[in-house]
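Dear colleague,

Please find below the structure that I am handing over to you. My notes on it follow directly after.

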Amino acid sequence: CPLGPALLFVKTSQGKEEGRRFYACSACRDRKDCNFFQWEDEKVSETRRAAREEYNRNHQPFFTHRQNVERYKNFLLLPLSKRRFCQECQQLLLPAEWQKHSDHQVLCDISTAQLRSPSQLLYPLENKKTNAQYLFADRSCQFLLDLIIDLGFRRVLSVGTPRLHEIIQSKASQEEDFRVRSLLLDIDFRYSQFYAEDEFCHYNMFNHYFFGGEAARETCRKFLYQDNGERVIMVTDPPFGGLVEALASSFKKLMAMWKETEEGHNNQEMPMFWIFPYFFESRILECFPSFSMMDYQVDYDNHALYKHGKTGRRQSPVRIFTNLTPSMIVLPVEEGYRFCAICQRYVSSGNQHCEICNSCTSKDGRRWKHCVLCKKCVKPSWFHCNNCNCCALQNHACEKTDAGCFVCGKAGHKRSACPSLSRT
């Protein structure tokens, strides 16, 4: 489809072990955004294949990345009074193109500072499942950059983190002694208007697809190969509606690309920060057992809920998952984080160490309580229900879990842990 190779999914029916397999768009999980669908065993006619290829060609960007780089150079030569940006087309305009956009909303006098911050010039794409461009707030962005510098990293592979990339690019162009460099991999091709071919690659993180082909892949490989692959970290902030397994598969391929840089990396993982909500912890750890979750709350400028400093359920649930040693990740004491000497990591002030679990167990910033019957710590608003034999909210509907697994119909496990599913 226009977003690269499709992924193979399976349609499951309750009580049936095997479902029918089909291909669908890797990035758009809503058929309205991309209607690509094909049964795995379906024979596709030459006519339909040709129509699909034509459709894909017609849904590519109007300009190539190289053309956009040339346009940007010409745009920089213009005096301030002639620098315009079409808000409707999300495009930098050269004087010869003004007439075509005369009835559109246009921003004038685009400054160099605005060009250095394209994430503030472009409209965020807020489809939760595909783009979900919720952009880091300044607090979180600055914290991540300071942390990266303190840990001694000099190159950042920014996978879907345009704001972190632009703050690095901006500092590099303004401060002579700033040594950190970044390469942005992002599905949003609009960024090609502002970054050279060695600064941005059009990339789909759901299927590890470089739209620019082997040349773009080589750009990424060269970036990872610098200094024999030393002092580079991957930072990624995927859409929260995305499939964890698909994302993990792509990240492992990027890590494999890095491993090829030097034989000494054979038994190592590329250092990584994966920014994602805490309730995906078990899914991420299934894919990356070496990862651990930090207590730091990441917040976003353009998301109503994901804000730092709110209380209870209104706190940001977004955390940093990393394969670095937790004690190395120093969290700001002035924001209420403290170091737990037993766990050997920084935790939020409300996260009290449980002597029975021998761990700081809270996930959401509140103090959790230990349930002797469940043999684990649970949220403070939960109570042990004897009917369900587990902790839940006080006004929950009891025994609704008897329906059993969606795949095999048996009780005692969910679809994701179904032994039938793992067999097939």
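I begin with helix H2, whose face turned away from its buried side carries the exposed residues Arg66 and Leu77. Please bear in mind throughout that this is a predicted model.

The buried residues of H2 are His65, Asn68, Val69, Arg71, Tyr72 and Phe75. They lie on the same side of H2, because the arc that they cover around the axis is only 165 degrees. Residues three or four places apart point the same way, since an α-helix has 3.6 residues a turn. The cover over the buried residues of H2 includes S4, S5, helix H3 (112-116) and S9. In length, H2 has 13 residues and reaches 19 Å between its first and last C-alpha atoms, which is close to the 18 Å expected at 1.5 Å a residue.

Two of the elements just named, S4 and S5, belong to an open sheet of three strands, ordered S5-S4-S6 and paired in the antiparallel sense. Its edge strands are S5 (91-93) and S6 (106-107), each of which pairs on one side only. Three bridges connect strand S4 (residues 84-86) with S5, again antiparallel, and Cys86 has Gln91 in S5 as its bridge partner. Helix H2 (residues 65-77) packs on this sheet, where it touches S4 and S5, and its direction makes about 45 degrees with that of S5.

The loop between H2 and S4 contains Pro79. This proline has a relative accessible area of 45% and is therefore partly exposed, as it falls between the 20% limit for buried and the 50% limit for exposed. Pro79 and Ile110 are separated by 31 residues in sequence, and their C-alpha atoms are 9.6 Å apart in space.

A second open sheet has eight strands in the order S10-S9-S8-S7-S11-S12-S14-S13, with mixed pairing. At its edges stand S10 and strand S13 (292-293); each has a single partner strand, so one side of each is left without a neighbour in the sheet. Within this sheet, S11 and strand S12 (residues 272-277) run parallel and are joined by three bridges. One of the pairs concerned links Val235 to its bridge partner Phe273 in S12. Helix H8 packs on the sheet and touches S7, S8, S9, S10, S11 and S12, with its direction at about 170 degrees to that of S12.

Helix H7 also meets strands of this sheet. Its buried residues are Ala216, Thr219, Cys220, Arg221, Phe223 and Leu224. They pack against strand S7 (155-159), strand S8 (181-186), strand S9 (200-204), strand S10 (209-210), strand S11 (232-236) and helix H8 (244-259). What span should one expect for the 13 residues of helix H7 (residues 213-225) at 1.5 Å a residue? The expected value is 18 Å, and the end C-alpha atoms of H7 are 18 Å apart, which agrees. After H7 comes Asp227, which has a positive phi near 55 degrees.

On the cysteines, how many disulfides does the structure hold? The number is zero. Cys220 is in no disulfide, and the nearest cysteine sulfur, that of Cys201, lies 6.1 Å away. Cys220 counts as buried because its relative accessibility is 0%. Cys354 is likewise in no disulfide, with the nearest cysteine sulfur, that of Cys377, at 3.6 Å; a pair would have to lie within 2.5 Å to be counted. Cys354 also counts as buried, at 10% relative accessibility.

Two further sites deserve a mention. Glu281 lies in helix H9 (residues 281-287). Is this residue buried or exposed? Glu281 counts as buried, because its relative accessibility of 17% is under the 20% limit. Leaving aside neighbours within four places in sequence, Glu281 is in contact with Met293, Phe321 and Lys363.

The other site is a hairpin. Strand S21 (residues 382-385) and strand S22 (residues 390-393) run antiparallel and are joined by four bridges. Trp382 has Leu393 in S22 as its bridge partner. Four residues lie between the strands of this hairpin, in which Asn389 takes a positive phi near 60 degrees.

With kind regards

Note on methods. Residues are numbered from 1 along each chain as its sequence is written. This is a predicted model: local features need pLDDT of at least 70, side-chain atom pairs count only at pLDDT 80 or more; totals for chains, interfaces and linings use all residues. Side-chain values use heavy atoms; hydrogens and water are left out. Two strands pair if DSSP finds at least two bridges between them. Contact means heavy atoms within 4.5 Å. Axes are lines fitted to C-alpha atoms, for helices over the stretch in contact, and angles run from 0 to 180 degrees between N-to-C directions. The expected span of a helix is 1.5 Å times one less than its number of residues. Buried means under 20% relative accessible area, exposed over 50%, partly exposed in between (1.4 Å probe, protein chains only). The arc is that of the directions from the helix axis to the C-beta atoms.
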